[in-house]
Amino acid sequence: MKRLIVSAVGAALLAYGGTVAYLQHFDHITAPELPASSPTLKDPVALAAFNALREARCDYCHAEQRDLPFYFRVPVAKTLMEKDRANGLRHFRVEPVLDAFEQGTAPTEEQLSRIEEVITQNRMPPNLYLMMHWHAHLSNAEREAVLKWVQDTRRKNYNNTGAAEQFAAEPIRPVPESVEADPAKWTLGRKLFFDKSLSGDNTLNCASCHGLDTGGVDNLVTATGIGGQKGPINTPTVYDAYFKMAQFWNARATTLAEQAAGPVMNPVEMGSHNWEEVANKLNATRNTHRCSRLHLAQMPRLMKKPSPRLLASLKKRWLRQMALLMNTSKASRMPLVSRPNAGMNALRPLVAQVAIPALVWVDAAWKSWVLKVITSKTVVAS
Ligand code: HEC
Ligand code: HEC
């Protein structure tokens, strides 16, 4: 009996040892290679880091379409590995880092920082995987090589201006005292931030979720988007977003410009369908703002079937808005009030508030003229 147990344990150990040895061989022959032309081959710091990541086979779990060892097809093991792989792919992608090694360029600040974090904490590769891939365990020297490469790359490519020399390779940077910005652009940006026509049904602007009077957030557990739809994720603040090295919780946008396109088309955030639609809406409302939006939506209804309530509410707003239009319009664009005629100018308020609405009331041709003026992109040029 004793002998039986001993030989069973022996056989198991042999099988385990054999598998580990096979995997080591397989891991090595299928590992990522650098082409002979890669500048990394001539850069000892980068090469040492590349070799460490290559030895650990980070790509098994963090890159799509790899040659995987046979046990990825053996029941139980397959389930475990597939779970690790799915999870790993979701958390981090190593392909861009491998490409950077290949081309001798720098990964992004975000990629560097994430590698730095897991290596500092000694979290990768995961323990279960190490049980089958002994060679993949990173030695202290290998970990130091990776960390040195991260810091050197940072120093060289993401110059930490404003920090003392000993902090120059730190991932967290001092915020600059001032930022150069183009006033025309930030004025436009501020307008758009509050413009509801960025959303599919004109109900939401950026500030709906990133209230600038509520710390740049919506104070909800997860965001509420167009049509009251609940999103899956918490709204981060937009304060200081400019200074973040990456945008979104999973850092999927590198710059603010890349990020900004996201919420507008996201079906559970602002739910617009395409940029053409948004651009058309913005053009239509560009300068007349509150003025045209109301009429674009309501004029056709008014002409078809004017219910007394709609008429009453429109009339009130109509007067106010016509006055606004009159006051801000470039003279040449409004035939009725544009004549260089002092008498006419004196009449402007009256014309705006009474005459035009009255004419629109009684005359279909006037209605269509007003509609045209209001929907035209060039009504108000300033
Ligand atoms: C056997 C599969 C596997 C291997 C090999 C592996 N990882 Fe991971 N990795 C995971 C899984 C699973 C997660 C997500 C769970 C976690 O964070 O622990 C992850 C998460 C990460 C993250 C994200 C951590 C975070 O907090 O966002 C980074 C970065 C990472 N791995 C880097 C590496 C590097 C570098 C290597 C090679 C040295 C490596 N991984 C090897 C499975 C793997
Ligand atoms: C429906 C609510 C909602 C609207 C509307 C909205 N956002 Fe967001 N915003 C979010 C959520 C939720 C996230 C986080 C998403 C993620 O990480 O996947 C986010 C992320 C961001 C981030 C990244 C911040 C960080 O720390 O990663 C910025 C910047 C941002 N939004 C700006 C905008 C701008 C500009 C607009 C208008 C064009 C806008 N948002 C409209 C909910 C919203």
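## Helices and the overall fold

Helices here are DSSP runs of H or I with at least four residues, numbered from the N terminus. With that in hand, welcome to a predicted model. It contains 17 helices and zero strands. Of the protein's 382 residues, 21% count as buried. When contacts between residues at least 6 apart in sequence are considered, 57% of them join residues at least 24 apart.

## Helix H2

Let us start with helix H2, which covers residues 44-56. How far apart are the end C-alpha atoms of H2? They are 18 Å apart, and this agrees with the 18 Å that its 13 residues should span at 1.5 Å a residue. The buried residues of H2 are Ala 46, Ala 49, Phe 50, Ala 52, Leu 53 and Ala 56. Looking down the helix axis, you will find these buried residues within an arc of 160°, so they line one face of H2. The cover over them includes H3, helix H5 (95-103) and helix H8 (140-157).

Just after H2 comes Arg 57, with a positive phi near 55°. This residue sits in the loop between H2 and H3. Is Arg 57 buried or exposed? It counts as buried because it has 25 C-beta neighbours inside 10 Å, and the cut-off for that class is 20 or more.

## Nonpolar cores

H2 also turns up in the largest nonpolar core, a set of 20 residues. Within this core, Ala 49, Ala 52, Leu 53, Val 146 and Trp 149 have the most contacts. At least two core residues come from each of H2, H5, H6 and H8. Which helix gives the largest share of this core? That is H2, with six residues.

Ala 49 gives a residue-level view of the packing: setting aside neighbours within four places in sequence, its contacts are Ala 145, Val 146 and Trp 149. Another core lies apart from the largest one; it has five residues, among them Leu 198, Leu 204, Val 264 and Val 278.

## Around ligand 1

Ligand 1 has 19 residues around it, and those that come nearest are Cys 58, Cys 61, Gly 88, Met 124 and Tyr 129. The elements that each give two or more residues to this shell are H2, helix H3 (58-62), helix H4 (75-91) and helix H6 (109-120). Sorted by class, the shell holds twelve nonpolar, four polar and three charged residues.

Met 124, one of the nearest residues to ligand 1, also takes part in a cis peptide bond with Pro 125, where omega is about -10°. Pro 125 belongs to the loop between H6 and helix H7 (127-132). Why does this bond deserve a second look? Most peptide bonds are trans.

## Around ligand 2

How many residues surround ligand 2? There are 26, and the closest are Cys 206, Cys 209, Phe 248, Trp 249 and Pro 263. Helix H10 (206-209) and helix H11 (256-265) each contribute at least two residues to this shell. H11 gives the most, with five residues. By class, 17 residues of the shell around ligand 2 are nonpolar, seven are polar and two are charged.

## The loop between H10 and H11

Two residues of the loop between H10 and H11 are worth a visit. One of them is Thr 254, which counts as partly exposed because it has 16 C-beta neighbours inside 10 Å; that class lies between the exposed limit of 12 or fewer and the buried limit of 20 or more. Although Thr 254 and Thr 108 are 146 residues apart along the chain, their C-alpha atoms are separated by 8.2 Å. Apart from neighbours within four places in sequence, Thr 254 is in contact with Thr 108 and Ala 246.

The other is Asp 240, also found in the loop between H10 and H11. It has a positive phi, near 60°, and is not a glycine. Asp 240 is exposed, since 9 other C-beta atoms lie within 10 Å. Arg 57, too, has a positive phi without being a glycine, at about 55°. These are backbone details to check when you inspect the model, because most residues other than glycine have a negative phi.

Key: Residues numbered from 1 in each chain as written. Chains lettered and ligands numbered in written order. Predicted model: local features only at pLDDT ≥ 70, side-chain atom pairs only at ≥ 80, totals over all residues. Near = placed C-beta within 6 Å. Nonpolar A, V, L, I, M, F, W, Y, C, P; charged D, E, K, R; others polar. Expected span 1.5 Å × (residues − 1). Arc of directions from axis to C-beta. Contact = placed C-beta atoms within 7 Å. Core = buried A, V, L, I, M, F, W, Y, C linked by C-beta atoms within 7 Å.
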